[in-house]
Amino acid sequence: IAVTSTLEILEAIANGSGPARSLFALGYAGWGPGQLDEEIQANGWLHAPAAAEIVFARDLTQSWSAAIATLGFHPLMLSGDAGHA
């Protein structure tokens with residue numbers, strides 16, 4: 001699995017010589033200096049191993065649920081509150 005924004009790969013996909021599977025996504029996310037690192041340190045992000053069967057699923061509406069299921073807990077167990085024991 002790789003991420004790219006090059007015109008060459010888009011042309012390769014269009015002419016049939018690109019990767020067998022691809023996912024085209026548009027969007028923008030921006031962070032201030034150090035913001036993403038701080039969010040990760042504060043456990044503000046969940047991450048799971050990359051899995052082609054999830055990334056390239058036919059029904060992308062199920063991708064989030066499938067990815068979170070690999071973490072071994074139900075998402076309703078998550079809380080927006082934080083604290084120290």
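Student: Where in the chain is the place of Phe24?

Tutor: In this predicted model, Phe24 has its place in the loop between H1 and H2.

Student: Why is Phe24 called buried or exposed, as the case may be?

Tutor: The relative accessible area of Phe24 is 61%, and the word exposed is used for values over 50%, so Phe24 is exposed.

Student: What makes up the nonpolar patch on the surface to which Phe24 belongs?

Tutor: The patch is formed by Leu7, Leu10, Ile13, Phe24 and Leu26, and together these residues have about 550 Å² of accessible area.

Student: Turning to Ala12, where does this residue lie, and why is it called buried or exposed?

Tutor: Ala12 is placed in helix H1. Its relative accessible area is 15%, and buried means under 20%, so Ala12 counts as buried.

Student: Which residues is Ala12 in contact with, once its neighbours within four places in sequence are left aside?

Tutor: Ala12 is in contact with Ser17 and Gly18 when those neighbours are not considered. As for Val55, which is 43 residues away from Ala12 along the chain, a separation of 20 Å lies between the two C-alpha atoms.

Student: How many aromatic pairs does the count come to?

Tutor: The count comes to one aromatic pair. A pair of this kind is described by the distance of the ring centres and the angle of the planes.

Student: What makes Trp31 and Trp45 a pair, and why is that pair called stacked, edge-to-face or tilted?

Tutor: The ring centres of Trp31 and Trp45 are 6.0 Å apart, and rings pair if their centres lie within 6.5 Å, so the two tryptophans satisfy the distance condition. Their planes stand at 55°, whereas stacked requires planes under 30 degrees apart and edge-to-face requires over 60, so the pair is tilted.

Student: Which parts does the pair tie together?

Tutor: Trp31 lies in the loop between helix H1 (7-14) and helix H2 (35-41), while Trp45 lies in the loop between H2 and helix H3 (52-55), so the pair ties together parts that are 14 residues apart in sequence.

Student: Why do Trp31 and Trp45 count as partly exposed?

Tutor: Trp31 has 38% relative accessibility and Trp45 has 41%. Partly exposed is the class between under 20% and over 50%, so Trp31 counts as partly exposed, and Trp45 is likewise partly exposed.

Student: What is stated about the phi of Asn43, and where does Asn43 lie?

Tutor: Asn43 has a positive phi of about 60°, although it is not a glycine. Asn43 lies in the loop between H2 and H3, and with a relative accessible area of 68%, set against the cut-off of over 50%, it is exposed.

Student: Where is Ala48 found, and which residues does Ala48 touch, not counting residues up to four places away in sequence?

Tutor: Ala48 is found in the loop between H2 and H3, and by that rule it touches Ala67, Thr70 and Leu71. The C-alpha atoms of Ala48 and Thr70 are separated by 7.0 Å, although the two residues are 22 residues apart along the chain. Ala48 has a relative accessible area of 34% and is partly exposed.

Student: Where is Ala57 found, and what makes it partly exposed?

Tutor: Ala57 is found in the loop between H3 and helix H4 (63-69). Its relative accessible area is 23%, and since buried means under 20%, Ala57 falls into the partly exposed class. Not counting residues up to four places away in sequence, Ala57 touches Ala52 and Ser63.

Student: How many helices and strands are there in the protein?

Tutor: There are four helices and zero strands, and from the N terminus on the elements run α-α-α-α.

Student: How does the radius of gyration of the protein stand against that of a compact globule of 85 residues?

Tutor: A compact globule of 85 residues would have a radius of gyration near 12 Å, but the protein has 17 Å. Along the principal axes, the C-alpha trace spans about 55 × 30 × 20 Å, and buried residues make up 6% of the 85 residues.

Technical notes:
Residues are numbered from 1 along each chain as its sequence is written. This is a predicted model: local features need pLDDT of at least 70, side-chain atom pairs count only at pLDDT 80 or more; totals for chains, interfaces and linings use all residues. Side-chain values use heavy atoms; hydrogens and water are left out. Helices (H or I, at least four residues) and strands (E, at least two) are DSSP runs, numbered from the N terminus. Buried means under 20% relative accessible area, exposed over 50%, partly exposed in between (1.4 Å probe, protein chains only). Contact means heavy atoms within 4.5 Å. Patches are made of residues with over 30% relative accessible area and no salt bridge: like charges are joined within 9 Å, nonpolar side chains (Val, Leu, Ile, Met, Phe, Trp, Tyr) within 5 Å. Accessible areas come from the Shrake-Rupley method with a 1.4 Å probe; for residues, only the protein chains shown count as cover. A salt bridge is a side-chain nitrogen of Lys or Arg within 4 Å of a carboxyl oxygen of Asp or Glu. The radius of gyration is taken over C-alpha atoms; the globule rule is 2.2 Å times the number of residues to the power 0.38.
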